[in-house]
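Hi everyone, thanks for coming. I'd like to walk you through a structure today, so have a look at it while I talk.

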Amino acid sequence: MNQYDLVVIGSGPAGRRAAIQAAKLNKKVLVVEKGSRVGGVSVHTGTIPSKTLRETALNLSGWRERGFYGRSYRVKQEISADDLRRRLLITLDHEVDVLEHQFARNRVTQMRGAARFVDAHTLEVEREDGEIIRVGATAILLAVGTRPFRPDSIPFDGVSIIDSDEILEILHLPRSMIVIGAGVIGIEYATIFSALDTAVTVVEPRETMLDFIDKEIVDDFSYQLRDRNMKLVFGQTVERVERDPGGKCRVTLANGRSLSAEMVLYCAGRTGATDTLDLPACGLAADSRGRIKVNPETFQTEVAHIYAAGDVVGFPSLASTSMEQGRIAARHAVGVPGNEPQKFFPYGIYAVPEISTCGLTEEEVLERKIPYECGIAHFRETSRGHIMGLDSGLLKLIFSLKTRRLLGVHIVGEGATELVHIGQAVINLKGTVEYFVENTFNYPTLAEAYKIAGLDAWNRMGELVREPAAAEAAAE
Ligand SMILES: Cc1cc2nc3c(=O)[nH]c(=O)nc-3n(C[C@H](O)[C@H](O)[C@H](O)COP(=O)(O)OP(=O)(O)OC[C@H]3O[C@@H](n4cnc5c(N)ncnc54)[C@H](O)[C@@H]3O)c2cc1C
Ligand SMILES: NC(=O)c1ccc[n+]([C@@H]2O[C@H](COP(=O)([O-])OP(=O)(O)OC[C@H]3O[C@@H](n4cnc5c(N)ncnc54)[C@H](O)[C@@H]3O)[C@@H](O)[C@H]2O)c1
């Protein structure tokens, strides 16, 4: 039986980053992956495919140019499912190739097959041909991720009633679609298909969506969706989903209302992929959604040498945070703990338009009773926004009145997921409103919106009265 310092189960963002980190520290590392190719949900069914699909949809539809040329502007008149898939396959091949090369360069051993526990230090890997291989490990990282939640009550058929994995395989672009669940996945796909001129209705049991985002940003976003005729049916639960004799999909709501469309996309959350690990054999158990509890600082489970990271541990379930969690877990597992991570990470929602946020929302600032001031900039106030033909886009900064420090940055609009990193740096480096007022920004850029929002807040906050010594230091 081969013995390893660290065995990583799963090759998604958490597993991949953990394996390479441990290998860089000269440890003997094995990655076990049951999928036919490495990369995890992130590369094959999640982040990368959905973002590639979005980019293709925006390019082929001419979405970004419609501000100038009108809503009927198209780059390609008839966009097919094949058009969308072509770019996807090229991107995925490239991602897998980069990852395989990283593993090879860093001497990370790979094994194809499904891993399960024999005991707390031993795993069995079942390969596709039925062969079973035993491996021993000093430490183990569970980076098994999640899969779409598929309740028995929904008659999935892989063609018209589908989940977020199956949407990548559709054979034709639907003219109408009902998206069930206004979480991040549901909203991203709903808005991408709406940009392709599919008539989209979103059904959500709660009265609101994306509750972790600043309300002013969600309000602006919802207004933009409704303005382009997307239907948001909130506060309604789904009673039944079925195909009617004419081939259309019918969704019946608890209030009796009936909706019909060519396609139903079901996105009501995800389940941890822990059911086949035989967790009791190592002394662990998962919760009802298949998730594993960990120490949020070390990512150790209740069994000290077994770690879990990534989506299998729950919120925030992002590729970006999963990578960091994997790195922290691997360092701790091999006895070289890293520095404490930065407190504030960005959250990017690649809807059309994009939303991105870092730090505290206005609702959180109010809840914590922190005296604050906000600064707002509309992208249309920037010259770059004019050049790009943007008629929407909003950047909101929240500052503490006491310390003048930036507490939160919230953006909806073109480039939000890139722009947010300026705000993230200022928050984590403890910068104040003066950073935006006193620095020169490239012109014309959308980043200039930071300057405008900073000045907007500063005008209400008033001048900073510097102590004479501090003023001298600032002048140096
Ligand atoms: C549609 C969609 C869009 C997304 N968009 C974004 C985005 O834009 N930005 C972002 O940051 N995040 C995004 N995410 C989230 C992101 O994909 C996940 O946070 C990330 O993939 C989680 O990484 P992970 O390492 O935990 O596991 P995963 O990527 O889920 O990988 C887990 C791997 O473990 C393997 N595995 C499972 N069980 C076993 C076993 N028993 N033996 C061997 N192998 C096993 C699986 O085959 C899989 O390859 C998106 C997710 C979805 C679904
Ligand atoms: N851009 C990104 O960073 C990105 C993109 C996609 C996904 N993700 C991650 O993937 C994770 C999973 O996303 P998700 O959208 O599947 O889950 P989610 O938990 O974010 O959203 C699920 C939504 O479905 C609703 N819902 C729950 N039960 C329902 C039911 N029975 N009928 C109808 N609606 C129901 C919920 O109220 C919720 O709004 C998220 O935590 C997210 O962090 C991130």
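**Two ligands, two cores**

Let me start with ligand 2, where helix 6 and strand 18 (347-349) each bring at least two residues to the surrounding shell. Before I go on, please keep in mind that this is a predicted model.

Which element gives the most to that shell? It is helix 6, with four residues. In total, 22 residues surround ligand 2, and the closest of them are Gly181, Gly183, Ile185, Ala268 and Ser317. Sorted by class, the shell around ligand 2 holds twelve nonpolar, six polar and four charged residues.

Now to the domains. The chain is divided into domain 1 (2-148 + 271-333), domain 2 (161-268) and domain 3 (353-475). Domain 1 and domain 2 each give at least three residues to the shell around ligand 2. As for domain 3, its centre and that of domain 1 are 34 Å apart, taken over C-alpha atoms.

On to the nonpolar cores. The largest one has 80 residues, and those with the most contacts inside it are Ile178, Val179, Ile180, Tyr189, Val264 and Leu265. Here we meet helix 6 (residues 184-195) again: with eight residues, helix 6 gives the most to this core. A second core, separate from that one, has 50 residues, including Ala19, Leu142, Val312 and Ala333.

I'd like to pick out Tyr189 for a moment. Leaving aside residues up to four places away in sequence, Tyr189 touches Ser164, Ile167, Val179, Leu265 and Cys267.

Let's move to ligand 1. How many residues are around it? There are 39, and Gly10, Gly12, Gly40, Gly145 and Gly310 come nearest. Several elements give two or more residues to this shell: helix 1 (13-24), strand 2 (29-33), helix 2 (40-44), helix 3 (47-61), strand 4 (114-119) and helix 8 (319-333). By class, the residues of the shell around ligand 1 divide into 16 nonpolar, 19 polar and four charged.

There is also a database record to bring in. An unreviewed UniProt entry lists Lys51 and Asp311 under "binding site". Lys51 sits in helix 3, while Asp311 is in the loop between strand 17 (306-308) and helix 8.

So, is Asp311 buried or exposed? Asp311 counts as buried because it has 32 C-beta neighbours inside 10 Å, and the cut-off for buried is 20 or more. Lys51 has 17 other C-beta atoms within 10 Å, so Lys51 is partly exposed.

And what does Asp311 touch? Not counting residues up to four places away in sequence, its contacts are Gly145, Thr146, Arg270, Ser317 and Ser322. Two of those names have come up already: Gly145 was listed among the residues that come nearest to ligand 1, and Ser317 among the closest to ligand 2.

Last stop: Val437, which lies in helix 12 (residues 433-438). Val437 counts as partly exposed because 17 C-beta neighbours fall inside 10 Å. If we set aside its neighbours within four places in sequence, Val437 is in contact with Gly454, Leu455 and Trp458. Finally, if you'd like a distance to check on your screen, try Val437 and Gly235: these two are 202 residues apart along the chain, and their C-alpha atoms are separated by 43 Å.

That's my tour, and I'm happy to go back to any part of it.

How values were computed:
Residues numbered from 1 in each chain as written. Chains lettered and ligands numbered in written order. Predicted model: local features only at pLDDT ≥ 70, side-chain atom pairs only at ≥ 80, totals over all residues. Core = buried A, V, L, I, M, F, W, Y, C linked by C-beta atoms within 7 Å. Buried ≥ 20, exposed ≤ 12 C-beta atoms within 10 Å, placed from the backbone. Contact = placed C-beta atoms within 7 Å. Near = placed C-beta within 6 Å. Nonpolar A, V, L, I, M, F, W, Y, C, P; charged D, E, K, R; others polar. UniProt positions renumbered as here; feature names shortened; annotations may be inferred. Domains from an automatic or database assignment.
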